[in-house]
Amino acid sequence: MRLDTSYLAYLTKDELRVLVAVEMGMKNHEYVPVSLIEKISKVKRANAYQILQQLLKHKLVQHVAKKYDGYRLTYLGYDFLALSAFYKRGTIVQVLSKVGVGKESDIYKCINSDGNFVILKLARLGRTSFRTIKNKRDYIKNRTQYNWLYLSRLASIKEYAYMETCYKNGFPTPKPYDWNRHAIVMSFIDGYTLCSIQELGDVDGVFIQCINLIEKFASHGLIHSDFNEFNLMITEQQKILVIDFPQMVSTQHLNAEFYFQRDLDCINIFFQRRFKANLHSDLKLKDIKVIKHLDHEVKASGFIKSELNDNKELEILEAALQEQQQFQEENENEKFQQDDDDEDNIGQDDDDEDNQDEEGEQDDNDEDKQDNQDDEEDEDDEDEEDDENEEDEENLNNQEDDQKQQEENNNQENKEQQLQDTQIPKNITKITELDQKNIKKFVQKKFRKKMVIKKNINKTKGIEDNKTLTEQALHYL
């Protein structure tokens with residue numbers, strides 16, 4: 001696919017807004033309708049049609065009107081969106097020429113704002129040469145709906161992350177400058193791919209560099225998984241640099257030994273066939289100690305679809321180990337809490353005993369006082385009884401009888417009032433529709449709540465269930 005950036009300088013703001021609107025609409029639509037493009041871009045309908053026709057002319061979008069009328073971005077339109085972002089940042093000023101083509105990407109030579117050469121890598125997933133991405137990569141995961149533009153974006157994100165971490169940790173890789181959508185800008189390497197070299201001055205030295213790189217990757221928890229002459233570059237000083245990282249896996253992968261041995265075999269076979277050198281390495285993955293786990297930082301994967309079940313088993317085992325650790329920690333915490341609770345309970349028991357003793361002493365004092373008062377009252381009563389006559393005794397007896405009768409009458413009146421409050425009055429036998437409305441209004445005004453009264457009223461017979469309805473009315477009143 002030819003990248004013609006001549007029209008990029010003439011793109012208007014509205015055209016860029018329409019391209020971004022189509023990109024956003026493709027998250028949920030295979031073909032984005034014009035009405036949605038108008039809403040997202042906030043462009044009038046007449047202007048939107050004119051802009052879409054202009055974009056169609058330059059092949060930045062594709063139109064489908066057979067079963068469903070809509071538009072979608074092409075790879076050229078996606079390139080224009082990424083390049084416009086790079087132009088604004090100053091990462092790229094001019095695109096020069098195509099340097100290489102791969103099964104997953106196109107490589108272009110560019111110039112940045114400082115006047116230096118840089119490399120632009122544009123992901124091109126979906127080509128007929130590499131359509132087995134479902135089985136070879138884990139970009140899709142559990143997604144059921146996707147498009148090639150979105151998968152190209154995910155591939156660039158992963159590769160930029162791998163390149164950045166490897167470069168920071170001293171690996172001979174290009175320096176990553178910037179990333180946007182499906183494009184990566186990296187430093188320009190003045191060299192050639194190893195597959196295009198026919199003769200070498202120091203074959204043994206270059207071979208040792210390759211083996212050391214494989215070992216260094218493994219010591220940092222990574223396996224390149226595609227370490228061959230097509231992904232290695234050599235400079236004039238015969239220094240080796242590594243490119244192309246989206247297929248990297250972790251050394252903890254189930255098939256890590258297979259991928260590690262495949263990388264070794266690729267280098268051994270290439271040097272034996274191309275340079276006819278008797279060079280061979282018997283390096284093994286289990287003999288390499290992991291110094292640093294970069295695979296955890298970049299979340300290296302690259303497993304194929306048939307290995308998903310095995311990886312799930314590993315995840316289950318890791319989750320079980322974590323649960324065991326948490327369970328042990330919880331048990332230890334519970335033991336400490338129980339010890340603290342026992343100490344607190346012992347202290348509380350001592351305090352309770354002291355309080356009980358004090359309360360007992362106070363009770364004894366109170367009883368003594370009451371006994372003294374009772375003795376004094378008895379003495380006074382005896383003196384009064386001696387002074388009183390028999391007539392006074394009879395009058396007192398009569399007064400006591402009158403008081404008892406009054407108390408009995410008062411108790412009966414209180415009981416009757418309680419029964420009237422709890423029981424349904426006999427006077428209420430029927431409630432008409434007007435009464436229901438009045439009750440409802442009263443409750444709404446008082447409590448500001450809606451009251452629903454079941455309509456069990458017949459116009460002629462009155463109410464079927466008098467008790468239930470009267471109970472409800474009395475309850476709310």
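Let's start with a yardstick: a residue is buried under 20% relative accessible area, exposed over 50%, and partly exposed in between (1.4 Å probe, protein chains only). This is a predicted model, so local features need pLDDT of at least 70 and side-chain atom pairs count only at pLDDT 80 or more, while totals for chains, interfaces and linings use all residues. Numbering runs from 1 along each chain as its sequence is written, and side-chain values use heavy atoms, with hydrogens and water left out.

**Exercise 1. Work out how helix α6 holds a salt bridge, and sort its two partners by accessibility.**

Step 1: pin down the term. A salt bridge is a side-chain nitrogen of Lys or Arg within 4 Å of a carboxyl oxygen of Asp or Glu.

Step 2: find the pair. K168 bridges to E164, with 3.8 Å between the closest N and O atoms.

Step 3: check the spacing. K168 and E164 sit 4 residues apart in helix α6, so about one helical turn separates them. Helices here are DSSP runs of H or I with at least four residues, strands are runs of E with at least two, and both are numbered from the N terminus.

Step 4: apply the yardstick. E164 has 28% relative accessibility and therefore counts as partly exposed, whereas K168, at 66%, is exposed.

**Exercise 2. Find a salt bridge that links distant parts of the chain, and say whether its partners are buried or exposed.**

Step 1: take D244 and K121, whose closest N and O atoms are 3.8 Å apart.

Step 2: place them. D244 is in the loop between β11 and β12 (249-250), K121 is in strand β5, and their positions lie 123 residues apart in sequence as the separation.

Step 3: sort them. D244 is buried at 14% relative accessibility, and K121 is buried too, at 10%.

Step 4: set another pair beside this one. K103 and E104 form a salt bridge with closest N and O atoms 3.9 Å apart; K103 is partly exposed at 37%, but E104 is buried at 9%.

Step 5: put these pairs in context. The structure holds 8 salt bridges, and bridges with shared partners join D79, D106 and R124 into one network.

**Exercise 3. Describe the largest nonpolar core and the surroundings of F271.**

Step 1: define the object. A nonpolar core is a set of buried Ala, Val, Leu, Ile, Met, Phe, Trp, Tyr and Cys residues joined through side-chain atoms within 4.5 Å. As background, nonpolar side chains tend to be buried together in soluble globular proteins.

Step 2: size it up. The largest core has 47 residues, and F227, F260, I267 and F271 have the most contacts inside it.

Step 3: list contributors. Elements giving two or more residues include α6 (148-168), α7 (203-219), α8 (256-274) and β10 (232-235). The largest share, 9 residues, comes from α7.

Step 4: zoom in on F271. Counting contact as heavy atoms within 4.5 Å, and skipping neighbours within four places in sequence, F271 touches L200, V203, V206, F207, C210, K276, A277 and L279.

Step 5: don't stop at one core. A second, separate core has 44 residues, among them A48, Y71, V118 and L120.

**Exercise 4. Trace what the side chains of N112 and H253 reach.**

Step 1: locate N112. The loop between β4 (105-111) and β5 holds N112, and N112 is buried at 12% relative accessibility.

Step 2: follow the side chain. From N112, the side chain reaches the backbone nitrogen of N116 at 2.8 Å.

Step 3: look beyond neighbours within four places in sequence. There, N112 contacts G90, T91, I92, V93 and V118.

Step 4: repeat for H253. H253 lies in the loop between β12 and α8 and is buried at 10%; its side chain reaches the backbone nitrogen of N255 at 3.0 Å.

**Exercise 5. Give the overall tally for the protein.**

Step 1: count the elements. The protein has 13 helices and 14 strands.

Step 2: add the burial. Of the 477 residues, 36% are buried.

Step 3: look at sequence range. Among contacts with a separation of 6 or more, 62% come from residues 24 or more positions apart.

Definitions and conventions
A polar contact is a pair of N or O atoms within 3.5 Å; within protein, one must be able to donate a hydrogen and the other to accept it, and residues adjacent in sequence count only if both atoms are side-chain atoms.
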